[in-house]
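Colleague: Please give me a close look at a single part of this model, with each term explained as you come to it. I work at the bench, so I would like the cut-offs spelled out.

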Amino acid sequence: MTSDDLESVALTLVAKGKGILAADETVPTLTKRFNTLGIQSTEQSRRTYREMLFTSPGAAEFISGVIMYDETIRQKSSGGAPLAEALTVQGILPGIKVDTGAKSLAGSPDETVTEGLDGLRDRLSEYRTMGAHFAKWRAVIHVTDALPSSACVSANAHALARYASLCQEQKLVPIVEPEVLMEGAHTIERCEEVTGIVLHAVYNALFDQGVKLKGMLLKPNMVVAGKACKRQPAVEEAATVTLRCLRRHVPAAVPGIVFLSGGQTARLATAHLNAINQLSGPKPWKISFSYGRALQDPALEAWHGRDENLAAGRSALYHRASCNGAASVGKYTDDMELQSVSADDPPHRRGWRDD
C-alpha cells in the first residue's frame, strides 16, 4: 500500500455524511456497562451486542468504519463469518484499537502515559491480515491549573507518533487520539490552552517520526469546559473555540478530523458537531465523528441484553448514526430527534469512561 492508498482509506473514512463507530471498549469496561443494566458479560453476550451494532440495517449510509477491540476482531458472527466480514460486506472498513491502555506516568502519579509499543509491529501485521484497514491509539491528558506536565505531553505525543509511524509501515491508517479530558472544573479557556499545547506537541512528534499527514486522521476532543466548571459554554461558543483551536494547530494536509464524544450526552455531541460544521470560514479538513458512547448509549439501553430487543437496538443505532451523519455536513436539526429523553442520557452511562 502506497501513501496514495493510505490517503484513499483516510478519505473513505471521512466520506461526505459519514463517520466512525468506536466499538473498541475493553472487556472490563464493557463488563462494567453491562453490569449496570443487569446484563451478564460473557464472550457470547459481548459478541451479540457488537454484532447488533455492526448489522444495523441502513447504518452503512452514515458509518464508514468501525473501531474494534482485539476480542471482537477475532470473533465470528452468528452466521459463522468473522465479524470484520460482517462490516466489509456492507462497505464499512474494519479498524482496531492497538494501545494497551493508559498507565501511571512515572514521577507524576496524577497523570498517565499510554502503553503498547512493545510488539506493536507484529500485532499490526496480524490485524492487517484479519481485515483491518486502520488503527487507533488513545492518549489521555488530565487538566488542572497545574496539569498537564510537559513530561506527560511529551511522552504521550512521542508514543502517538511512534504508533502512527508503525501503522503506516504496516499499511494501516493511524487514527491519532490525544484526548484532553472533560473531567475537572477547568474553564473552556483552559481547555483551549491545553488542547493547543497538546496538538502542537503531537504534530511536532509526527513530523519527527516521518508520519505522512495525508495518510492519517486526528481524533481530538472538542474544546469545552470541564464537567464541574460553573460556566458551561453554549453550543455555538464551544464550536467557535474548537474550530479556532484546530485552525491554529492542525495542518491542512490532514484529510480529516473525527471528534471523540468524551462523555458528552448523545444529543450534545451531535449538536456540537453540527455547529462546528455550520461555522463559516476555512475548514481544510473533513470534520466528522468517531463516537463511542454517543452512538452506543441509546442502542445499549434499547437492547438491554434481550434477544427480543435486538431490532430496537439496531434501530437506535441507526437513528444516532443518521443524526451524526447529518451533523457532519451541518444539516442536523432538532426535528430529526426522537422524543425519548432517557435514550440520550440513560442512568447507566453516567460516570462511564472510554478506554
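Colleague: Which residue follows α11, and is its phi positive or negative?

Modeller: The residue after α11 is H304, and its phi is positive, near 55°. Before going further, please keep in mind that this is a predicted model, in which local features need pLDDT of at least 70 and side-chain atom pairs count only at pLDDT 80 or more, while totals for chains, interfaces and linings use all residues. Residues are numbered from 1 along each chain as its sequence is written, and side-chain values use heavy atoms, with hydrogens and water left out.

The element names follow DSSP runs, numbered from the N terminus, with helices being H or I runs of at least four residues and strands being E runs of at least two. In these terms H304 sits in the loop between α11 and α12 (310-327), and its positive phi belongs to a residue other than glycine. H304 counts as partly exposed because its relative accessibility is 23%, where buried means under 20% relative accessible area, exposed over 50% and partly exposed in between, for a 1.4 Å probe and protein chains only.

The helix before that residue is mostly covered, with nine of the 11 residues of α11 buried. Those buried residues are R293, A294, L295, Q296, D297, P298, A299, L300 and W303.

One partner of this helix is α3 (residues 43-54), which packs against α11 (residues 293-303) at an angle of about 125°, the axes lying 11 Å apart. Axes here are lines fitted to C-alpha atoms, for helices over the stretch in contact, and angles run from 0 to 180 degrees between N-to-C directions. The angle therefore makes α3 oblique to α11, since angles under 35 degrees count as roughly parallel, over 145 as roughly antiparallel, 65 to 115 as roughly perpendicular and the rest as oblique. The crossing of α3 with α11 is right-handed, a word used when the near helix is turned clockwise from the far one by less than a right angle, with anticlockwise giving left-handed.

Contact, meaning heavy atoms within 4.5 Å, is made by S45, T48, Y49, M52 and L53 on the α3 side and by Q296, A299, L300 and W303 on the α11 side. By class, the residues of this contact comprise six nonpolar, three polar and no charged, with Ala, Val, Leu, Ile, Met, Phe, Trp, Tyr, Cys and Pro taken as nonpolar, Asp, Glu, Lys and Arg as charged, and the others, Gly among them, as polar.

As for a residue that invites comparison with H304, K171 is also not a glycine and has a positive phi of about 65°. K171 lies in the loop between α7 and β7, and counts as partly exposed because its relative accessible area is 39%.

For the wider setting, eight strands form a closed barrel in the order β1-β2-β3-β6-β7-β8-β9-β10, with parallel pairing, where two strands pair if DSSP finds at least two bridges between them. Within this barrel, β2 (residues 63-68) runs parallel to β3 (residues 93-97) and is joined to it by four bridges. One particular bridge partnership is that of I67 with G95 in β3. On the sheet packs helix α7 (residues 150-169), which touches β6 (134-141) and β7 (173-180) and whose direction makes about 180° with that of β6.
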